[in-house]
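Dear colleague,

I am passing on the structure we spoke of, so that you can look through it at your own pace. Please open it alongside this message.

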Amino acid sequence: MCPPAHFQVTYSINPWMDPAKPVDTAVALLQWEDLRDRYRALGHTVEILEPVPGLPDMVFSANGATVVDGKVFGARFANAERWDEAPAHLEWFRAHGYTEIHEPEHVNEGEGDFTPTASWVLAGAGFRSSPAVRAEAQEFFGRPVIGLELIDPRYYHLDTALAVLDGDEVMYYPEAFSAGSRAVLARMFPDALLATEDDARAFGLNAVSDGLHVILPVQATGLVQPLRERGFEPVPVDMSELHKAGGSVKCVTQELRD
Ligand code: ARG
């Protein structure tokens with residue numbers, strides 16, 4: 001996680017961002033600290049990436065790389081405003097003993113569009129990541145990479161429209177995907193939890209699960225009961241200040257799958 005010390009909305013690269021609307025950096029920091037403390041209280045280790053001045057979106061650390069089996073696939077951001085975040089992530093991994101590090105040829109925004117499940121790596125495209133990066137990631141990870149097309153600009157990253165709950169169990173918002181990708185998802189995940197428009201708009205799919213606890217935005221109220229029925233324990237948190245930049249719980253959390 002990377003603290004939102006320099007968080008601001010100074011440019012707009014997704015429909016949620018409006019530089020004319022004020023952002024309270026202090027509130028964002030409190031909300032972020034609350035999430036970090038919840039992870040720790042649940043027994044998870046949280047590593048901290050130093051924030052860099054002039055990179056207001058760096059708080060969305062999920063976008064900086066994808067780690068599977070301890071192998072690090074670096075990011076190559078679509079927008080110039082975020083280009084400089086990628087080397088900061090690679091530097092962190094090098095300094096922390098990771099040796100299998102891949103600097104990507106094709107555009108991809110880390111876990112924004114790569115979602116590893118137990119058996120596959122799901123790969124979103126349509127707004128940020130290049131479809132060409134799928135072959136590159138499959139070769140590096142040695143895991144099947146399944147492409148999914150995003151069609152709604154509000155759900156510009158796969159992690160705003162789909163979350164892994166446990167193993168190969170997922171929840172997603174079908175309307176964010178092309179007809180073909182919807183059919184692929186229905187075939188792969190026939191028992192998936194399907195989210196409503198209200199819960200998708202509240203960033204309910206931008207959730208992090210440890211297989212039991214599902215940490216999700218408090219505004220996504222419609223997901224609480226369905227998650228309980230499946231045996232999960234919903235842990236609501238308020239990330240409202242970060243929603244102004246188009247990100248929530250998952251976007252600020254990069255998972256180190258060592
Ligand atoms: N403002 C950031 C952007 O548009 C938000 C990134 C959200 N991160 C995510 N994993 N969806 O790039």
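Below is what was found in it, going from the whole chain to single residues.

Please keep in mind throughout that this is a predicted model. The protein chain contains 7 helices and 12 strands, and its C-alpha atoms fill a box of roughly 45 × 40 × 35 Å along the principal axes. A compact globule of 258 residues would have a radius of gyration near 18 Å, and the 17 Å of the protein chain therefore agrees with that expectation. Of the 258 residues, 41% are buried, and among the contacts that join residues at least 6 apart in sequence, 62% link residues at least 24 apart.

In soluble globular proteins, nonpolar side chains tend to be buried together. Here the largest nonpolar core has 65 residues, of which Leu150, Ala161, Tyr172, Leu205 and Val252 touch the most other members. Strand E7, residues 162-166, gives this core its largest share, with 4 residues. If you would like one residue to start from, leucine 205 touches, among others, Thr160, Ala161, Leu162, Met171, Tyr172 and Ala200, leaving aside residues up to four places away in sequence.

Helix H2, which spans residues 85-95, deserves a separate look. Its buried residues are Glu85, Ala86, His89, Trp92 and Phe93, and they lie on the same side of H2 because they cover an arc of only 125° around the axis. These buried residues pack against strand E1 (65-68), strand E2 (71-74) and strand E3 (101-102), whereas the face of H2 turned away from the buried side carries the exposed residues Glu91, Arg94 and Ala95. After H2 comes glycine 97, which has a positive phi near 85°.

Another glycine, glycine 54, sits in the loop between helix H1 (25-41) and E1. Is glycine 54 buried or exposed? It is exposed, because just 11 other C-beta atoms lie within 10 Å, and the cut-off for an exposed residue is 12 or fewer. Its C-alpha atom is separated by 19 Å from that of tryptophan 32, which is 22 residues away along the chain.

Finally, there is the ligand, which is surrounded by 16 residues, the closest being Phe60, Gly112, His157, Gly247 and Cys251. The shell around the ligand divides into 6 nonpolar, 7 polar and 3 charged residues.

With best regards

Conventions. Residues numbered from 1 in each chain as written. Predicted model: local features only at pLDDT ≥ 70, side-chain atom pairs only at ≥ 80, totals over all residues. Near = placed C-beta within 6 Å. Nonpolar A, V, L, I, M, F, W, Y, C, P; charged D, E, K, R; others polar. Buried ≥ 20, exposed ≤ 12 C-beta atoms within 10 Å, placed from the backbone. Helix = DSSP H or I, 4+ residues; strand = E, 2+ residues; numbered from the N terminus. Arc of directions from axis to C-beta. Contact = placed C-beta atoms within 7 Å. Rg over C-alpha atoms; globule rule 2.2 N^0.38 Å. Core = buried A, V, L, I, M, F, W, Y, C linked by C-beta atoms within 7 Å.
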